[in-house]
Amino acid sequence: MSIDRMKQDILNSPMAEARGVERIKQMLERHDATFIEKMYELMVDDEAVAIME
C-alpha cells in the first residue's frame, strides 16, 4: 500500500476523528514514511481490537 493511501486511511479513521483531523494531518506532514507506516499499523490494530470487543 502506498504512503499516500495510508495517509488517506489514517485521516478517515475514527482515531483522526477523535483526535482532530487537522491535527493528525499536520503530524503526517511532519514525519517520514516509517512513522506513517507505524501509525497505520497501530490504527489497524486498534480497529481490530474494537471489533473484537
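Helices are taken here as DSSP runs of type H or I with at least four residues, numbered from the N terminus. In the predicted model, isoleucine 3 is found in one such run, helix H1. The protein chain as a whole contains four helices and zero strands, and the order of its elements along the sequence is accordingly written α-α-α-α.

The overall dimensions of the protein chain were examined next. For 53 residues, a compact globule would be expected to have a radius of gyration near 10 Å, and the value of 11 Å computed for the protein chain agrees with this. Along the principal axes, the C-alpha atoms fill a box of roughly 35 × 25 × 15 Å. Of the contacts in the protein chain with a separation of 6 or more, 56% are accounted for by residues 24 or more positions apart. The accessible surface comes to about 4,000 Å², and carbon and sulfur atoms contribute 52% of this area. As for charge, the protein chain carries 7 positive and 12 negative side chains, with the centres of the two sets lying 6 Å apart.

Buried residues make up 25% of the 53 residues in the protein chain. In soluble globular proteins, nonpolar side chains tend to be buried together. In the present model, the largest nonpolar core has eleven residues in all, namely Met6, Ile10, Leu11, Met15, Ala16, Ile24, Leu28, Ile36, Met39, Tyr40 and Met43. Two or more residues are given to this core by each of H1, H2, helix H3 (21-30) and helix H4 (33-52), and the largest share, four residues, comes from H4. Leucine 11, one of the core residues, is in contact with Ala16, Val21, Ile24, Lys25 and Leu28 when its neighbours within four places in sequence are left aside.

Two further positions in helix H1 were considered, beginning with isoleucine 3. Because partly exposed residues are those between 20% and 50% relative accessible area, isoleucine 3, at 24% relative accessibility, counts as partly exposed. Its contacts, not counting residues up to four places away in sequence, are with Ala33, Ile36 and Glu37; of these, Ile36 is listed in the largest nonpolar core. Isoleucine 3 also lies 9.5 Å from tyrosine 40, C-alpha to C-alpha, although the two residues are 37 residues apart in sequence. Glutamine 8, likewise found in helix H1, has a relative accessibility of 41% and so counts as partly exposed. The C-alpha atoms of glutamine 8 and lysine 25 are 9.4 Å apart in space, with a sequence separation of 17 residues.

The loop between helix H1 (3-11) and helix H2 (14-19) holds serine 13, which is buried, with a relative accessible area of 3%. Apart from residues up to four places away in sequence, serine 13 touches Met43 and Glu47, and Met43 is itself a member of the largest nonpolar core. A position in helix H4, glutamate 41, is partly exposed, its relative accessible area being 41%. Between glutamate 41 and asparagine 12, which are 29 residues apart along the chain, the C-alpha separation is 15 Å.

Key
Residues are numbered from 1 along each chain as its sequence is written. This is a predicted model: local features need pLDDT of at least 70, side-chain atom pairs count only at pLDDT 80 or more; totals for chains, interfaces and linings use all residues. Side-chain values use heavy atoms; hydrogens and water are left out. Buried means under 20% relative accessible area, exposed over 50%, partly exposed in between (1.4 Å probe, protein chains only). Contact means heavy atoms within 4.5 Å. A nonpolar core is a set of buried Ala, Val, Leu, Ile, Met, Phe, Trp, Tyr and Cys residues joined through side-chain atoms within 4.5 Å. The radius of gyration is taken over C-alpha atoms; the globule rule is 2.2 Å times the number of residues to the power 0.38. Accessible areas come from the Shrake-Rupley method with a 1.4 Å probe; for residues, only the protein chains shown count as cover. Lys and Arg count as positive and Asp and Glu as negative; His and the chain ends are not counted. The place of a charge is taken as NZ of Lys, CZ of Arg, CG of Asp or CD of Glu.
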